There are 2 protein chains.
Amino acid sequence: MSKYQPTESELEILQLLWPNGPMTVRAVNDILNKNKDVGYTTTLKIMQIMLEKKLVIRDESKRTHVYEAKVAESEVQEKLLSKFINSAFRGSPASLVMQALGNHSASAEELEEIKALIDRIENNKNPE
Amino acid sequence: MSKYQPTESELEILQLLWPNGPMTVRAVNDILNKNKDVGYTTTLKIMQIMLEKKLVIRDESKRTHVYEAKVAESEVQEKLLSKFINSAFRGSPASLVMQALGNHSASAEELEEIKALIDRIENNKNPE
DNA sequence: TTCTTTCTACGAAAACATTCGTAATTAACA
DNA sequence: TGTTAATTACGAATGTTTTCGTAGAAAGAA
């Protein structure tokens with residue numbers, strides 16, 4: 001995994017690459033522009049920096065390069081999450097979870113899934 | 001609530017002010033220096049900026065000023081959490097919760113508390 | 001009082017991230 | 001072919017955050 005943490009703009013681009021797979025700068029920039037104004041060369045530059053940081057790889061066989069995420073979404077999430085728990089929730093994952101559940105909606109299925117996960121954790125910790 | 005979001009260093013200081021109550025710059029800087037090297041005037045400057053942003057208030061009646069958090073911890077957490085869910089978990093609180101529970105340890109009591117919270121949410125949504 | 005330490009205020013430097021203008025090249029097309 | 005459009009590379013400008021040096025005032029100690 002890349003030793004670099006993505007910045008905010010880099011993360012925004014990764015969030016497009018992860019679900020969509022390989023994309024051109026143009027495609028990324030078009031999507032970004034649905035929400036805000038970003039110049040084409042701005043997006044290009046950031047993606048070039050991401051290449052240097054090894055957050056992405058690119059296919060240069062054609063003139064129009066195609067970029068692909070090199071870091072896994074779950075790994076990036078895990079790093080960011082650890083940092084976030086420490087910096088905003090005094091290192092308490094439980095208090096983050098409580099706040100997330102309390103103030104943000106989840107579907108009935110998701111809630112069941114979470115309960116099932118907790119059950120599995122409890123059973124592993126207290127095997128009988 | 002302050003219209004400003006705390007930066008990382010500002011948040012680090014708020015994390016000291018919240019549990020400890022009013023503190024001097026000296027006290028804050030001493031604690032920060034247990035983990036890393038930070039110059040006294042650096043800490044002072046950041047706390048002065050926090051004052052401008054109205055993240056803290058200060059008592060100037062003595063020569064040595066005493067700073068106190070003005071924003072509530074839960075409010076700051078909530079704002080940061082919303083942003084974090086969007087930027088790192090594609091807007092899915094449930095996937096954040098799953099990852100937090102899966103990779104970070106919580107005590108048995110905390111797990112029960114979380115389950116109880118989920119039960120309350122489920123009952124509110126489907127009252128009988 | 002005089003010297004030393006501690007504190008605040010201020011501004012500038014350094015570090016980091018974002019944005020964009022420009023030039024060169026390639027592709028597309030009339 | 002020759003003109004236009006799209007793409008990359010590069011560097012510089014801008015913006016934001018962090019760090020720190022310096023000066024002056026206040027407090028404490030000898």
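Start by selecting A:Glu73 in this predicted model and showing what surrounds it. Setting aside neighbours within four places in sequence, A:Glu73 is in contact with A:Gln15, A:Trp18 and, from the other chain, B:Arg90. Colour by secondary structure and you'll see that A:Glu73 belongs to helix H4 of chain A, residues 73-88. Is this glutamate buried or exposed? Its relative accessible area is 17%, and under 20% counts as buried, so A:Glu73 is buried.

Next, stay in chain A and pick A:Leu32, which sits in helix H2 (residues 25-35). A:Leu32 is buried too, with a relative accessibility of 9%. Light up its contacts beyond four places in sequence: A:Glu12, A:Ile13, A:Leu16, A:Val38 and A:Thr43. Then draw a C-alpha to C-alpha distance from A:Leu32 to A:Leu16: you should get 9.1 Å, for two residues 16 apart in sequence.

Now for a spot where the chains meet. Select helix H1 of chain A (residues 8-20) together with helix H4 of chain B (residues 73-88); their axes come within 9 Å and cross at roughly 50°. At that angle, H1(A) is oblique to H4(B). Show side chains here: A:Glu8, A:Leu11 and A:Gln15 make the contact from H1(A), while H4(B) brings B:Lys83, B:Asn86, B:Ser87 and B:Ala88.

Over to chain B and its sheet. Which order do the strands take? Three of them form an open sheet, S1-S3-S2, with antiparallel pairing. S1 (23-24) and S2 (56-59) are the edge strands of chain B, each with a single partner, so one side of each has no neighbour in the sheet. Zoom in on S1(B) and S3(B), the latter spanning residues 66-69: two bridges join these antiparallel strands. Here B:Met23 stands opposite B:Tyr67 of S3(B). Bring back helix H1 of chain B (residues 8-20) and you'll find it packed on the sheet, touching S1, S2 and S3 of that chain, with its direction at about 90° to that of S3(B).

Zoom out for the domains. Chain A is assigned two: domain 1 covers 8-69 and domain 2 covers 90-128. Their C-alpha centres lie 34 Å apart.

Last stop: the largest nonpolar core, with 74 residues. The residues with the most contacts inside it are A:Leu96, A:Leu101, B:Leu96 and B:Leu101. Select B:Leu101 and leave out residues up to four places away in sequence: it touches A:Val97, A:Ile114, A:Leu117, A:Ile118 and A:Ile121 across in chain A, as well as B:Leu111 and B:Ile114.

Key. Residues numbered from 1 in each chain as written. Chains lettered and ligands numbered in written order. Predicted model: local features only at pLDDT ≥ 70, side-chain atom pairs only at ≥ 80, totals over all residues. Heavy atoms only, no water. Pairing = 2+ DSSP bridges. Helix = DSSP H or I, 4+ residues; strand = E, 2+ residues; numbered from the N terminus. Contact = heavy atoms within 4.5 Å. Axes fitted to C-alpha atoms, helices over the stretch in contact; angles between N-to-C directions. Domains from an automatic or database assignment. Core = buried A, V, L, I, M, F, W, Y, C linked by side-chain atoms within 4.5 Å. Buried < 20%, exposed > 50% of the residue type's maximum accessible area, 1.4 Å probe, protein only. Parallel < 35°, antiparallel > 145°, perpendicular 65-115°, else oblique.
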